[in-house]
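Welcome! Let us take a friendly walk through a protein model, one region at a time. Keep the picture open beside you as you read.

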Amino acid sequence: MTTLEPQAIVGEGWIARHYRPEDKPGVLKLSKYHYGTRDQAFEEYIDWYGGESPAGRATVIVGEDTHSREIIGFSFFMPVIVKVGNEYGVARMGGNAVVHPDYRMRGIFGSFHKVAKEDLADSWFSYGFPKPKALIAHRKGGRVPVSDLPLLIRPLNMRQLAGERLKSPLLRVAARAGWWVASRTVWRQPTPDPQGIVVRHEERFDASFDRFWERIADKYEIIIKRDSAFLNWRFCGYSFRPYRLLTARRNGELIGYLVTRCTKVECVPTGLIMDLLVEPGPGGDRAGQLLLAAATQYLTEAGMSLAGCLMLPHTHEYRILRRAGFIDAPARFAPQRFMLLAQSFSNHTPAEYLTRAERWFISMANHDAV
């Protein structure tokens, strides 16, 4: 017999409640059913995203069938430190929300947020990137749209990419010819004079990232705190997703960094620009160009067909990406619509404040699924 905590919600044939250690096999079973061979099906991913960040322990809510005792759904809410204006608080990075197909349209998904409500009450807001088909359910739960995030792409190997994505031989030839012209004209990016900036590969985020954060924290109004603690938690210390860190330094001091990941998106070898952040001004411009030049060279040598990045158009980093040859993805290359949603829990961040996209800095570093 399942013992219920006060926050649990009972439906017809199901219960929504907080996760318990004995639920892990059921969560893994449903993860493998839903995700197949993707990262989210790995036990290491469950341990990471259901564990503890520098801001505290995740809240995980599960749905359970009252007859079979099978886990039929789950949703994760990871705390992260957020800077809003000049103040710091806690936000929740929502994600990894799944309901078994046999149990959908029964109110189970909406109940997860209700069960988590008490845990989330000490947070300023939560945010996430729902799939388009789940948008209505999120809106009903009180989450409001902030903005679509453009998927920026840059072909790295047009011959390989055209062969993978374009069925018609004529289209493949046209695409390769178009890229040949574009790569030598509008997208040709000469490497800037380094002017004392050194770009190199590093293994971890050291104390210089804390000093860098202190210098650039005011660059954006709403931003997840990118100090060494967060970045090491997000990108280091586990094996199921290897990332590569590139730094730009002048006289040993950090002035920008970039994180990449090699993966496959819909069978296309893709290099993801997971995070790119540089100091304001001309030094940051130059550092960003050098970092992207080094990243695209590495990704090309690693056999990637395409580079991709999520970045809001008002940001300094978006402009640097565009100058480096990244363009908004055509529909055929975009695997889905990327929409940022948020939900306020505090007077610090009322809903109408959160919906102003120009206040935000968001990248793939703030997305649990990549």
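In residues 170–174, pLDDT stays under 50, and the model has 5 contacts beyond four places in sequence for this stretch. Where pLDDT is low, the predicted coordinates should not be read in detail. Remember that what you see is a predicted model. Taken over the whole protein, pLDDT averages 90, and 89% of the residues score at least 70.

**The seven-stranded sheet**

In what order do the strands of the open sheet of 7 strands lie? The order is S11-S13-S14-S15-S16-S10-S17, and the pairing is mixed. Strand S11 (197–202) and strand S17 (327–328) are the edge strands, each pairing on one side only. Helix H8 (residues 228–235) packs on this sheet, where it touches strand S14 (253–265) and strand S15 (268–278). The direction of H8 makes about 175° with that of S15. Another helix, H9 (residues 282–301), lies across S10, S11, strand S13 (244–250), S14, S15 and S16. Compared with S14, helix H9 runs at about 30°.

Inside the sheet, strand S10 (residues 151–155) pairs with strand S16 (residues 306–310). As an example of a bridge there, Leu 151 has Leu 310 in S16 as its partner.

**Antiparallel pairs**

The table puts the S10 and S16 pair beside two pairs made by strand S18.

| Strand | Partner | Sense | Bridges |
|---|---|---|---|
| S10 (residues 151–155) | S16 (residues 306–310) | antiparallel | 5 bridges |
| S8 (residues 125–128) | S18 | antiparallel | 4 bridges |
| S9 (residues 144–148) | S18 | antiparallel | 4 bridges |

Strand S18 covers residues 339–344 and is mostly covered, with 5 of its 6 residues buried. On the S8 side, Ser 126 stands opposite Gln 343 in S18. For S9, the bridge partner of Pro 145 in S18 is Leu 341.

**Helix H10 and its cover**

Which residues of helix H10 (residues 316–323) are buried? They are His 316, Glu 317, Tyr 318, Ile 320 and Leu 321. The elements covering these buried residues include S10, S15, H9, S16, S17 and strand S19 (360–361). Look just past the helix, too: Gly 325 takes a positive phi of about 100° there.

**Two residues to find**

Start with His 113, which sits in helix H3 (residues 108–120). Why does His 113 count as buried? Its relative accessibility is 13%, and buried means under 20%, so His 113 belongs in that class. Apart from neighbours within four places in sequence, His 113 is in contact with Phe 77, Arg 143 and Gln 343. You have already met Gln 343 opposite Ser 126. His 113 also shows how a chain can bring separate parts together: Ser 75 is 38 residues away in sequence, while the C-alpha to C-alpha separation is 8.3 Å.

Now turn to Ser 31, in helix H1 (residues 24–35). Is Ser 31 buried or exposed? Ser 31 is buried, because its relative accessible area is 0%. A polar atom of the Ser 31 side chain lies 2.8 Å from the backbone oxygen of Val 27. Beyond its neighbours within four places in sequence, Ser 31 is in contact with Gly 36, Gln 40, Ala 41, Ile 46 and Phe 74.

Technical notes:
Residues numbered from 1 in each chain as written. Predicted model: local features only at pLDDT ≥ 70, side-chain atom pairs only at ≥ 80, totals over all residues. Heavy atoms only, no water. Pairing = 2+ DSSP bridges. Helix = DSSP H or I, 4+ residues; strand = E, 2+ residues; numbered from the N terminus. Contact = heavy atoms within 4.5 Å. Axes fitted to C-alpha atoms, helices over the stretch in contact; angles between N-to-C directions. Buried < 20%, exposed > 50% of the residue type's maximum accessible area, 1.4 Å probe, protein only. pLDDT = per-residue confidence, 0-100. Polar contact = N/O pair within 3.5 Å; in protein donor to acceptor, adjacent residues only side chain to side chain.
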